[in-house]
Amino acid sequence: MHVETEIVYKLVHLKDWSNCRPHEGTALAVIGHPIAHSLSPVMHNAALAELGKTTPEFNEWRYFKFDIAPEELREALDLFHQNNFLGLNLTVPHKALVLEYIHTDVTAVEESGAANTLKHSGKGWMGFNTDGYGLNHALEDESVSIPGADVILLGAGGAARAAALECLAWRCASLRIQNRTRSTIHSLISHLKKSTALAGTTELIPFDSEDSELGAGAIVINATSLGLKAEDESPLDLTKIPRPAFVFDMIYRPAQTALLLQATKLGIKNANGLSMLVHQGAASLELWTGEKAPIPTMQQAVRAALS
Ligand code: ATR
C-alpha cells in the first residue's frame, strides 16, 4: 500500500489513529512545531525501503511527520505509544522540553539536557541524542575540525546544547554562545561547566560581537531556528566579527539562509544542515532497527527532495 508520508499529521489524527491509520505496521515519526519543512520522512522511508530489500520486515515500517505544539507533547507521547510507534525524532521546540517525560541513561542526554531521538521500551520512552554525532560528522565531511578551534555557537536551545557538548568533547579552544534570551546563555554555561566533557583548557564565554579577544578563523554554528522562514534575518552579521574560517547552519530548508548567503557573498566556506540531518538520522535509525543505516540512499533521497 502506498502511504503519503509528506502529509503533516496533528494530535487530532493521533487521537483517531485506528480509524485514519494509513498503515498497520511499526511506525516512526518526527514531531515539531513547525514541521512542514522536515525532510526526515523522505529520508527515513527511503532508508526503510532499502533495508526492506534484504530484511522484508522493514517493508512494513513507515515514518510520518506530526505537528505537535509544546502543550500537546505529553498527551502525544502516550498516544504514540498506544498506536504502535516505536521511535520518534524531536525537533524545534521539543528537544529540551521532552526531558520531563522520558527516561534516559545516556550521558549525552543528561549532560546536554536535550534529546532528539526516542525509542519505546519496557520502561517507557527512552531518550537519546544523535545531534552531536551528526554535527561532528557533517563538519568532518567539510574537512572542518573542532579540536583547538574557537567556536561561536548561535542559540541555547535543545539543538545548541547538543552542539555545545560535542564541541567540548572534541576539545575546542573556546566556546562562545550567543542567544536572543541572554539569561539562557548563563544557565547553559553553568550547566556545561558541570559536564564531564569540559576540559580545563576550554573557555566558555557569552558572545557579543564587540568581543575584542576573538581572532580570525572561528567556526560559526547556527543552532537557532532563525532562518527556517524565507523572510528571517540572519542571527549574526559576519562583517561585525573577525573573518571566520567556516559557517555552518543546522537549517537545511531553505538551503541558503540569510547567514549562509552572507557567508557566500564574503567568500567564507559554509554548509547547510543537510549532511547533519543525514548523519543524525542514520544514528537514530540504527537505534530503532539495529541495522546499519544505508547512508548513500538517505543522502540521495534528501538531495532529490531539495532539488
Ligand atoms: P531546538 O529544540 O530545535 O533547539 P528550541 O529549544 O526551541 O529548539 O531552541 C530554539 C533556539 O532558537 C533558541 O536558542 C531560541 O532563542 P530563545 O532562547 O531566545 O528562545 C532561538 N530562536 C528562536 N526563534 C528566534 C528568533 N526569532 N530570533 C533569534 N533566536 C531565535
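The following paragraphs describe two sheets of a predicted model and the helices that accompany them.

Residues are numbered from 1 along each chain as its sequence is written, and side-chain values use heavy atoms, with hydrogens and water left out. Because the model is predicted, local features need pLDDT of at least 70 and side-chain atom pairs count only at pLDDT 80 or more, while totals for chains, interfaces and linings use all residues. Helices (H or I, at least four residues) and strands (E, at least two) are DSSP runs, numbered from the N terminus.

One open sheet consists of 6 strands in the order 1-3-2-4-5-6, with mixed pairing; two strands pair if DSSP finds at least two bridges between them. Its edge strands are strand 1 (8-10) and strand 6 (124-128), each of which pairs on one side only. On average, neighbouring strands of this sheet are turned by 35° against each other, direction ignored. Axes here are lines fitted to C-alpha atoms, for helices over the stretch in contact, and angles run from 0 to 180 degrees between N-to-C directions.

Within this sheet, strand 2 (residues 27-32) is joined to strand 3 (residues 62-67) in the parallel sense by 6 bridges, and Gly32 stands opposite Asp67 in strand 3. Strand 2 is largely enclosed by the rest of the structure, because 6 of its 6 residues are buried (under 20% relative accessible area, with exposed over 50% and partly exposed in between, for a 1.4 Å probe and protein chains only). Ala27, Ala29 and Ile31 point one way from the strand, Leu28, Val30 and Gly32 point the other way, and all are buried.

Helix 3 lies across strand 2, strand 3 and strand 4 (85-90), and runs at about 170° to strand 3. Helix 3 (residues 40-52) also packs against helix 11 (residues 274-289) at an angle of about 50°, with the axes 11 Å apart. That angle makes helix 3 oblique to helix 11 (angles under 35 degrees count as roughly parallel, over 145 as roughly antiparallel, 65 to 115 as roughly perpendicular and the rest as oblique). In this contact (heavy atoms within 4.5 Å), Ser40, Met43, His44, Ala47, Leu48 and Leu51 of helix 3 meet Leu277, Val278, Gly281, Leu285, Trp288 and Thr289 of helix 11.

The second open sheet described here also has 6 strands, in the order 9-8-7-10-11-12, with parallel pairing. Strand 9 (203-206) and strand 12 (269-271) are at the edges with a single partner strand each, so one side of each has no neighbour in the sheet. Neighbouring strands of this sheet are turned by 15° against each other on average, direction ignored. Helix 9 (residues 182-192) packs on the sheet, where it touches strand 8 (174-178) and strand 9, and its direction makes about 165° with that of strand 9.

Strand 10 (residues 219-222) has both faces covered: Ile219 and Ile221 on one side, and Val220 and Asn222 on the other, are all buried. Strand 7 (residues 150-154) runs parallel to strand 10 and is joined to it by 4 bridges, with Ile152 partnered by Val220. Strand 10 also pairs with strand 11 (residues 246-249) in the parallel sense over 4 bridges; there Val220 stands opposite Val247 and Ile221 opposite Phe248.

Strand 10 and strand 11 are among the elements that cover the buried residues of helix 7, as are helix 5 (94-97), helix 8 (158-169) and helix 11. The buried residues of helix 7 (residues 131-141) are Asp131, Gly132, Gly134, Leu135, Asn136, Ala138 and Leu139. After helix 7 comes Ser143, whose phi is positive, near 60°.
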